[in-house]
Amino acid sequence: MDISTKNDAAPPPVSPPSEAEQKRAARGVTRPGDRVFLGLSRGSGIFLLVIMAAIAAFLTYRSVIAISKDESNFLTTFEWNPTAVPPSFGIAVLVYGTVVSSIIAMVIAVPIAVGIALFITHYAPRRLGGPLSYVIDLLAAVPSIVYGLWGALVLAPHLGGLYGWLDDYFGWTGILDWQGGAPRSLFTVGILLAIMILPIITSVSREVFRQAPQMHQEAALALGATRWEVIRMSVLPFGRSGVISASMLGLGRALGETMAVATVLSPSFEINASLLDPGGGTFAQNIASKFSEASEMGRDALIASGLVLFVITLLVNGGARMIIARRAEYSGANA
């Protein structure tokens with residue numbers, strides 16, 4: 001038999017894959033390890049949803065008990081006296097204090113954090129950028145009570161000059177009018193919260209900016225763009241969604257911060273026109289300061305306020321997800 005004819009013979013027919021194999025291939029699960037990992041991942045996601053649902057159910061149940069006994073308007077009352085007969089308490093002051101202090105913190109922290117992240121990734125030499133990144137990451141691990149003690153003993157006593165300057169130049173607005181006294185106000189809380197969330201926003205933004213496509217930056221430089229133009233046209237559009245996500249992480253900590261706020265703020269259930277006047281309160285601070293001495297009715301009232309904070313946090317995260325989804329063209333997957 002001719003050897004060439006033997007080698008040119010057609011290969012044996014291959015049987016088509018079975019229906020089960022086709023389904024496994026379509027799902028991308030072809031090995032036992034993949035199936036185990038898929039089950040664990042799916043179970044973890046379901047377990048997280050169960051935990052969230054359990055928290056929401058517990059908060060709702062105890063909140064309904066408290067609100068049903070409240071003789072005043074829970075949303076608009078400027079009082080917190082759940083032990084009175086009949087009980088009277090509301091969250092108007094807490095909503096105002098939580099939102100205002102968080103907004104002050106975000107206005108201060110986000111621009112500074114983005115600037116630090118850009119400096120580390122695009123301006124600082126490697127010998128400086130590495131240690132600076134390490135210090136920023138280390139600040140994120142400092143306990144909140146340490147920030148609170150530093151704020152009460154160091155920050156607040158030295159804010160008199162700033163408060164006086166704000167009163168001299170912006171006191172006519174009424175919002176920054178200062179009548180003297182200890183600077184233990186919502187503005188001080190906002191400054192302290194800004195310092196606390198600064199490392200979180202900086203670290204996440206720094207890693208996002210480092211992932212900006214190098215080819216886009218080199219192309220812009222080849223066309224004659226300056227370093228700032230490269231950042232404005234290539235880096236910032238790419239990292240916009242990441243900066244929003246980092247800001248939401250920082251906002252989540254600002255909304256729920258407890259011990260630092262309780263240490264610095266002089267709480268009172270009144271809303272002042274000026275942000276520099278002592279007084280006000282936040283959800284987390286109110287719960288931390290009153291929970292240990294609260295009666296059963298008082299604990300239910302505090303849990304009701306915790307439910308409102310829980311809802312606010314969910315709304316903030318949901319809004320952030322919507323903003324990121326609308327700017328999907330700037331995400332790393334589409335770079």
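**Entry 1: the largest pocket.** I looked up which helix gives the most to the lining of the largest pocket, and H9 has the largest share, with four residues. The model I am reading is a predicted one. Helix H9 covers 214–222, and helix H4 (92–123), helix H8 (186–210) and H10 also supply at least two lining residues each. I noted the lining in full: Thr-121, His-122, Phe-209, Arg-210, Ala-212, Gln-214, Gln-217, Glu-218, Leu-221, Arg-227 and Val-230. I sorted these residues into four nonpolar, four polar and three charged. The space in this pocket comes to about 200 Å³.

**Entry 2: the second largest pocket.** I then turned to the second largest pocket, which holds about 150 Å³ of space. Its lining consists of Ile-120, Thr-121, Ala-124, Pro-125, Arg-126, Gly-129, Gly-130 and Arg-210. Thr-121 and Arg-210 appear in this list and also in the lining of the largest pocket. Helix H5 (126–139) and H4 each give at least two residues, and H5 has the largest share with three. By type, I wrote down three nonpolar, three polar and two charged residues.

**Entry 3: Glu-257.** I found Glu-257 in the loop between helix H10 (227–256) and helix H11 (259–264). Is Glu-257 buried or exposed? I recorded Glu-257 as buried, because its relative accessibility is 7% and the cut-off for buried is under 20%. Its side chain reaches the backbone nitrogen of Ala-260 at 3.4 Å. Leaving aside neighbours within four places in sequence, I listed its contacts as Ser-144, Leu-193, Met-196, Ala-284 and Gln-285.

**Entry 4: Ser-274.** I located Ser-274 in the loop between H11 and helix H12 (283–290). Ser-274 has a relative accessible area of 5%, so I entered it as buried too. Which residues does Ser-274 touch, not counting those up to four places away in sequence? I found Gly-174, Ile-175, Leu-176 and Asp-177. For Ile-175, I noted that the side chain of Ser-274 reaches its backbone oxygen at 3.2 Å. For Asp-177, I looked up the C-alpha atoms: those of Ser-274 and Asp-177 are separated by 5.6 Å, although the two residues are 97 apart along the chain.

**Entry 5: Pro-86.** Last, I checked the peptide bond between Val-85 and Pro-86, which is cis, with omega about 0°. Most peptide bonds are trans. I placed Pro-86 in the loop between strand S1 (80–81) and strand S2 (88–89).

Conventions
Residues numbered from 1 in each chain as written. Predicted model: local features only at pLDDT ≥ 70, side-chain atom pairs only at ≥ 80, totals over all residues. Heavy atoms only, no water. Buried < 20%, exposed > 50% of the residue type's maximum accessible area, 1.4 Å probe, protein only. Polar contact = N/O pair within 3.5 Å; in protein donor to acceptor, adjacent residues only side chain to side chain. Contact = heavy atoms within 4.5 Å. 1 Å grid on protein atoms, 1.4 Å probe; cavity = no way out; pocket = protein on both sides within 12 Å on 5 of 7 lines; lining within 4 Å. Points joined across faces, edges and corners; volume = space filled by probe spheres on them. Nonpolar A, V, L, I, M, F, W, Y, C, P; charged D, E, K, R; others polar.
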